[in-house]
Amino acid sequence: MKRQGKLKDEWIVGGHRFSSRLLMGTGKFQDAETMVEAVLASGTQIVTVALRRVGRIPQEDDMLGPLRRLEGITLMPNTSGARNASEAIRAARLGRELSGSPFVKVEIHPNPHHLMPDPIETFEAARILAAEGFVVMPYMPADPVLAKRLEDVGCASLMPLGSAIGSGRGLATTEMLRLILRDARIPVIVDAGLRSPSEAAAALEMGCAAVLVNSAVAASGDPIAMAAAFAQAVEAGRNANLAGLMPRGGGTALATSPLTAFLSVEGQ
Amino acid sequence: MTQQLPEWLDPSPWLDGGGSSPADVERALGCDEPGPRELAALLSPAAHAYTEIMAQRARTLTQRHFGRTISMYAPLYLANYCTSGCAYCGFASDRVQPRRRLEPTEVEKELDSLKGMGFEDVLLLTGERTSHAGFEYLLECVSLAARRFHAVGVEAFPMTTREYAFLANAGCSGVTLYQETYDPFQYDRLHRWGPKKEYLDRLEAPARAMESGMRTVGLGVLLGLSDPVFDAVCLLRHAGHLRRIHWKSGITISFPRLQPQAGNFTAPVPIDEAQLARLVFAVRIVLPDVPLLLSTRERPEFRDGMAGLGITKMSAGSRTTVGGYAGTEPGTDGQFQVSDQRSVPDICEMLRGRGLQPVFKNWDSVFRDGEAGGRG
Ligand code: SF4
């Protein structure tokens with residue numbers, strides 16, 4: 001069966017439509033110029049920026065200025081640095097004021113070393129911010145129960161981690177991601193831990209709506225080329241998901257001598 | 001008086017074996033979860049031949065966790081009064097030199113000039129607690145700094161948990177407190193008199209700071225005072241101990257190296273640049289996610305080379321004299337000699353030339369309210 005042409009493949013988060021399934025982080029580039037070039041090469045439409053890196057008086061290391069000048073980019077301020085819900089909520093409100101964007105990536109990691117998200121504080125912040133009308137996209141542990149709880153309080157997407165931030169260990173949480181994906185009614189975006197485009201492709205093949213990368217691009221040999229590679233991989237992964245992977249383990253292939261031939265004897 | 005090291009600090013299980021072999025070094029380099037054993041191997045003479053491999057590993061880990069960025073901060077010396085007699089320090093009470101503290105209006109001037117240089121992260125320094133510059137004074141200075149800067153750190157005398165909580169409430173987000181050396185015998189010998197002689201009081205102060213809700217605590221040893229392997233393994237164990245108990249606070253590690261200063265003290269165990277570099281690489285390998293700092297004590301070429309090879313935070317344009325930035329007053333002598341005298345723009349240019357972004361703001365004061373003790 002041939003697919004006749006392709007419908008516009010868009011995904012919707014918080015009522016906003018996007019066609020790119022690659023989200024970009026901005027905090028780890030060598031300079032603003034490289035960051036901007038990588039953002040452009042990635043074709044991304046959603047870029048996250050840490051409030052803690054945003055200067056209210058623009059300085060040369062300010063992230064927001066150069067991003068604002070790009071067209072077609074939705075800014076998603078993040079609350080990275082917050083240790084609890086109240087800090088994240090304050091950061092989210094300030095982020096909205098500074099960026100003019102209703103999107104917020106709720107990021108609460110009380111342990112500043114491994115930066116693992118705090119499920120309890122994240123839930124609390126997400127609940128309050130969603131009620132305030134934010135488009136809430138929580139960075140979260142890959143926990144299927146938490147995922148449903150976050151969905152229930154009005155989050156616009158789920159952003160489970162693939163593995164620890166900056167670990168480059170890829171989709172270490174695959175089994176949990178499958179459970180999250182099976183039940184989710186809102187887009188699932190793998191955030192953190194990805195190292196290579198093939199891992200991004202795998203996330204999309206599984207059915208994730210998108211992936212978010214930062215270190216994998218910023219710390220690569222050529223961030224701009226790597227951003228483009230991720231864009232291609234994400235597209236390939238998405239197309240593979242739409243096409244439908246062949247079943248695993250040969251489950252539906254017919255053996256030449258049927259294993260159940262003996263069953264028919266009785267009925268003859 | 002010297003004491004037994006607490007079990008959680010004692011480095012002896014990893015030091016007993018004597019030297020490490022090349023095989024030990026290779027094992028350490030290939031280890032998934034390197035710890036004290038691996039650190040000791042990476043600091044052994046056998047590891048010298050692996051310096052380049054260590055540097056590569058350190059850079060990879062640094063990029064993975066911190067990207068291509070270097071955080072910038074500035075130290076501000078508030079006062080040089082001191083009652084202690086640390087043999088290695090230019091501010092020791094028996095050193096003849098002009099003593100002074102910045103009055104609040106002068107502190108404001110100094111802060112304003114640092115702000116004018118682009119800084120958003122300031123480290124306030126004093127000597128031992130004295131009647132001239134005690135806790136109340138420090139608290140006032142923190143408040144003045146917090147009104148202007150997003151990140152305010154303090155490097156001063158050990159305090160009580162309650163005092164640290166007051167500082168945190170006033171806007172202090174980091175406390176730096178070097179043990180100088182973890183070797184209790186050497187510690188006792190070098191700290192000739194004064195409150196700083198209390199090894200355990202100092203050792204336990206970082207935990208008190210964390211308990212109070214302080215976001216980050218800076219640890220370090222003064223390199224040159226004692227056996228660096230002993231000190232490094234203790235430092236790693238101290239960091240691990242703190243992380244297990246106070247899991248919501250961050251740790252940073254600095255690598256101050258003894259420089260010539262008043263008193264003509266010579267380092268009993270001098271550390272050369274190659275050893276210092278290897279120490280930074282080794283610490284990065286065992287603590288991949290901890291910010292590592294390098295001050296202007298080191299010469300420009302060394303700082304340039306180390307940026308991004310483990311080091312993720314640097315001071316720039318530093319003055320170690322009281323009242324050094326706004327140039328308000330006849331200076332005092334500095335606590336140590338600044339080797340890297342370059343201006344802030346020069347250092348930024350150097351970093352950019354090496355593919356690194358100098359980051360002045362990496363923190364936002366909006367996160368402050370929840371800081372003090374008792375918060376979840
Ligand atoms: S190191 Fe600190 S306590 Fe010791 S003499 Fe110097 S200023 Fe005083």
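**Exercise 1. The second largest pocket**

Task: State how much space the second largest pocket holds, and describe its lining by position, element and class.

Solution.
Step 1. In this predicted model, the second largest pocket has a volume of about 870 Å³.
Step 2. Its lining consists of 31 residues. Nearest the centre of the pocket lie Asp32(B), Glu33(B), Pro34(B), Val286(B) and Pro288(B).
Step 3. Four helices of chain B give two or more residues to this lining: H2 (22–30), H4 (51–66), H10 (228–245) and H11 (273–286).
Step 4. H10(B) supplies six residues, the largest share of the lining.
Step 5. Sorted by class, the lining of this pocket has 14 nonpolar, eight polar and nine charged residues.

**Exercise 2. The second largest cavity**

Task: Find how many cavities of 30 Å³ or more the structure holds, then describe the lining of the second largest cavity.

Solution.
Step 1. Rolling a probe the size of a water molecule over the atoms shows where empty space is left.
Step 2. Searching the whole structure gives four cavities of 30 Å³ or more.
Step 3. The second largest cavity contains about 50 Å³ of space.
Step 4. Its lining is made up of Val49(A), Ala50(A), Leu51(A), Val54(A), Leu64(A), Pro77(A), Gly95(A), Leu98(A) and Ser99(A).
Step 5. In chain A, strand E4 (46–50) and helix H3 (85–99) are the elements that give two or more residues to this lining. The largest share, three residues, comes from H3(A).
Step 6. By class, the lining of this cavity has seven nonpolar, two polar and no charged residues.

**Exercise 3. Strand E2 of chain B**

Task: Decide whether strand E2 (residues 121–125) of chain B is largely enclosed or open, and trace the strands and helices connected with E2(B).

Solution.
Step 1. A residue is buried when its relative accessible area is under 20%. Five of the five residues of E2(B) are buried, so the strand is largely enclosed by the rest of the structure.
Step 2. In a regular strand the side chains alternate between the two faces of the sheet.
Step 3. One side of E2(B) carries Asp121(B), Leu123(B) and Leu125(B), and the other carries Val122(B) and Leu124(B). These residues are all buried, and both faces are covered.
Step 4. E2(B) pairs with strand E1 (residues 69–77) of chain B in the parallel sense, over four bridges. Within this pairing, Val122(B) is the bridge partner of Ala74(B).
Step 5. From E1(B) the chain passes through helix H5 (residues 104–116) of chain B to E2(B), in a right-handed β-α-β crossover.
Step 6. E2(B) also pairs in the parallel sense with strand E3 (residues 151–155) of chain B, over five bridges. Here Val154(B) is the bridge partner of Leu124(B).
Step 7. The chain reaches E3(B) from E2(B) through helix H6 (residues 135–148) of chain B, and this β-α-β crossover is right-handed.

**Exercise 4. Positive phi in chain A**

Task: What are the phi values of Leu115(A) and Ala192(A), and where does each residue sit?

Solution.
Step 1. Most residues other than glycine have a negative phi.
Step 2. Leu115(A) is not a glycine, yet it has a positive phi of about 60°. Leu115(A) is in the loop between strand E6 (103–106) and helix H4 (119–131) of chain A.
Step 3. Ala192(A), also a residue other than glycine, has a positive phi near 85°. Ala192(A) is in the loop between strand E9 (189–191) and helix H7 (197–206) of chain A.
Step 4. With a relative accessible area of 11%, Ala192(A) is buried.

**Exercise 5. The ligand shell and two loop residues of chain B**

Task: Name the residues that come nearest the ligand, then place Tyr88(B) and Gly355(B) in their loops.

Solution.
Step 1. Ten residues surround the ligand, and Cys82(B), Cys86(B), Cys89(B), Ala92(B) and Lys196(B) come nearest. By class, this shell has five nonpolar, three polar and two charged residues.
Step 2. Tyr88(B) lies in the loop between E1 and H5 of chain B. At a relative accessible area of 4%, Tyr88(B) is buried.
Step 3. Although 137 residues separate Tyr88(B) and Leu225(B) in sequence, their C-alpha atoms are 8.5 Å apart.
Step 4. Gly355(B) is in the loop between helix H13 (344–353) and strand E9 (357–359) of chain B. Its relative accessibility of 13% makes Gly355(B) buried.
Step 5. Gly355(B) and Cys89(B) are 266 residues apart along the chain, with 36 Å between their C-alpha atoms.

Definitions and conventions: Residues are numbered from 1 along each chain as its sequence is written. Chains are lettered from A and ligands numbered from 1 in the order in which they are written. This is a predicted model: local features need pLDDT of at least 70, side-chain atom pairs count only at pLDDT 80 or more; totals for chains, interfaces and linings use all residues. Side-chain values use heavy atoms; hydrogens and water are left out. A residue is near a molecule or strand if one of its heavy atoms lies within 4 Å of it. Ala, Val, Leu, Ile, Met, Phe, Trp, Tyr, Cys and Pro count as nonpolar, Asp, Glu, Lys and Arg as charged, and the others, Gly among them, as polar. On a 1 Å grid over the protein atoms alone, a cavity is a set of points where a 1.4 Å probe fits but cannot get out, and a pocket is an open set with protein on both sides within 12 Å along at least five of seven lines; lining residues have an atom within 4 Å of a point. Grid points are joined across faces, edges and corners, and a volume is the space filled by probe spheres set on the points. Buried means under 20% relative accessible area, exposed over 50%, partly exposed in between (1.4 Å probe, protein chains only). Two strands pair if DSSP finds at least two bridges between them. A crossover is right-handed if, with the strands pointing away from the viewer, the path from the first strand over the helix to the second runs clockwise.
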